[in-house]
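Here's a quick tour of a protein model for your first look at structure. Have the sequence and the 3D view open while you read.

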Amino acid sequence: MIVRDREEFEAFGCDVNDDEIATPDKLPPNISFVWEGPREVDIRMPDGKEVTFWNFSDPRDSKSRDLWPSKTMRVKQGQVVHSTLDAKKNTHTIHHHGMNSSTMNDGVGHVSFEVSDRYTYQFQPTHAGTYFYHCHKNTVLHFEMGMYGFLIVDPPSGRGTLYKDGPRYDVEALWALDDVDPSWRAIDHQAGLCGEDAGLDLFRPKYFMITGVPHPRTMTDKRAKITAKLGQTILIRHLNASYSVVSTTIQGLDATVYGFDGRPLLHPSVPWAAPIFIPAGTPFETVSAQRFDLILKPTRIGRYPVRIEFRHWVTGEIHDGGRGICETVIDVTE
Ligand SMILES: [Cu+2]
């Protein structure tokens with residue numbers, strides 16, 4: 001990037017526009033969402049300590065108030081989507097990660113604006129697949145605080161098919177893999193925005209979670225554990241929502257990656273992008289924000305263990321002295 005006027009650039013970075021604006025070229029939506037946020041959600045960890053997360057909640061759905069990760073957005077390919085942020089405390093944004101939005105609607109604080117009151121993001125998804133939405137203000141901190149949720153784009157035919165002419169599935173699991181550093185809860189929401197050293201390079205996660213469930217409750221909680229009947233096809237939407245390299249191993253079951261970051265790996269226009277076969281017991285790695293759509297077709301009943309390791313970006317070591325793991329199971333029954 002060419003910085004023509006460093007002073008101006010730094011001033012903008014420190015003092016982001018938060019004026020109220022209207023959505024440009026606003027169309028009547030096919031589907032709309034409203035998100036209030038952030039709201040604090042406390043989760044009790046296996047060691048008895050409570051850790052605070054921030055969520056986006058839907059004022060029309062009281063159950064979403066205490067949900068973390070935030071409620072899933074589910075839309076269809078081709079729909080005009082309105083996603084309104086009603087910022088209740090300080091300023092935030094929503095970035096619908098993977099959507100080809102205009103700059104105004106992309107929700108990246110430093111290149112457009114931060115929302116202090118309300119703003120309606122407008123976008124139109126062009127590809128079915130797995131995405132997520134998250135706050136993009138002071139992202140390193142606000143994402144760690146948990147301001148995210150899944151964004152699923154179904155093909156026009158609806159759920160049950162990953163994308164048009166793609167694989168069908170009977171059981172769908174949403175795995176958001178996250179590593180949590182409780183000490184970051186003491187950091188101010190603006191910390192580091194003006195270039196000061198806020199300690200955001202010191203990340204020492206202590207809790208490891210699948211979709212809001214800390215290990216080892218991941219062995220039994222339905223948000224992590226998968227149950228399917230023999231003959232059913234399983235889709236795992238595997239999102240690396242951590243700051244680690246995540247290494248996942250599924251014992252006893254082959255898996256095939258049919259979608260990758262919201263794009264199909266099975267399409268006549270991209271014959272080189274073939275689905276990726278992962279033999280049973282073989283670890284596969286994902287990095288932050290990466291999504292794999294895994295299809296599994298079990299052929300025998302049984303309990304299949306899954307081990308997820310959270311590894312340090314630079315050293316490759318498992319975090320927290322080797323304790324940085326989540327374990328769960330896939331149960332295949334008659
Ligand atoms: Cu935020």
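What follows covers the domains, a sheet, a core and one loop residue.

This is a predicted model, where local features need pLDDT of at least 70, side-chain atom pairs count only at pLDDT 80 or more, and totals for chains, interfaces and linings use all residues. Residues are numbered from 1 along each chain as its sequence is written.

**Two domains**

- The chain splits into domain 1 (6-154) and domain 2 (171-333), with bounds that come from an automatic or database domain assignment.
- Between the C-alpha centres of domain 1 and domain 2 there are 22 Å.
- Domain 1 puts 26 residues into the contact and domain 2 puts in 32 residues; two residues are in contact if their C-beta atoms, placed from the backbone, lie within 7 Å.
- On the side of domain 1 that touches domain 2, at least two residues each come from α1 (6-14), β2 (50-57), β7 (129-134), α2 (139-144) and β8 (148-154). Helices (H or I, at least four residues) and strands (E, at least two) are DSSP runs, numbered from the N terminus.
- β7 gives the largest share of that side, 4 residues.
- Sorted by type, the residues on that side of domain 1 are 14 nonpolar, 9 polar and 3 charged. Here Ala, Val, Leu, Ile, Met, Phe, Trp, Tyr, Cys and Pro count as nonpolar, Asp, Glu, Lys and Arg as charged, and the others, Gly among them, as polar.

**A five-strand sheet**

- Follow the order β12-β21-β20-β14-β18 and you've traced an open sheet of 5 strands with mixed pairing. Two strands pair if DSSP finds at least two bridges between them.
- At the edges sit β12 (226-229) and β18 (284-286), each pairing on one side only.
- As background, strands of a sheet pair through backbone hydrogen bonds, either parallel or antiparallel.
- β20 (residues 302-311) and β21 (residues 325-333) are antiparallel, with 8 bridges.
- β14 also runs antiparallel to β20, joined by 6 bridges, and antiparallel to β18, joined by 3 bridges.
- Try finding T248: its bridge partner in β20 is I308, and it stands opposite F284 in β18. I308, in turn, has C326 as its bridge partner in β21.
- Side chains alternate along β14 (residues 245-250): V246, T248 and I250 point to one face and are buried, while V245, S247 and T249 point to the other and are not. A residue is buried if 20 or more other C-beta atoms lie within 10 Å of its own, exposed if 12 or fewer, and partly exposed in between, with C-beta atoms placed from the backbone.

**The largest nonpolar core**

- This core has 71 residues, and W175, L177 and I234 touch the most other members. A nonpolar core is a set of buried Ala, Val, Leu, Ile, Met, Phe, Trp, Tyr and Cys residues joined through C-beta atoms within 7 Å.
- Strand β9 (residues 171-180) supplies the largest share of the core, 6 residues.
- Domain 1 and domain 2 each give the core at least three residues.
- Not counting neighbours within four places in sequence, W175 is in contact with I210, T211, I236, R237, H238 and L239.

**One loop residue**

- You'll find T103 in the loop between β5 (95-97) and β6 (118-123).
- Why does T103 count as exposed? Because it has 11 other C-beta atoms within 10 Å.
- Beyond its neighbours within four places in sequence, T103 is in contact with V111 and S112.
- T103 and F113 are 10 residues apart in sequence, and their C-alpha atoms are 9.7 Å apart in space.
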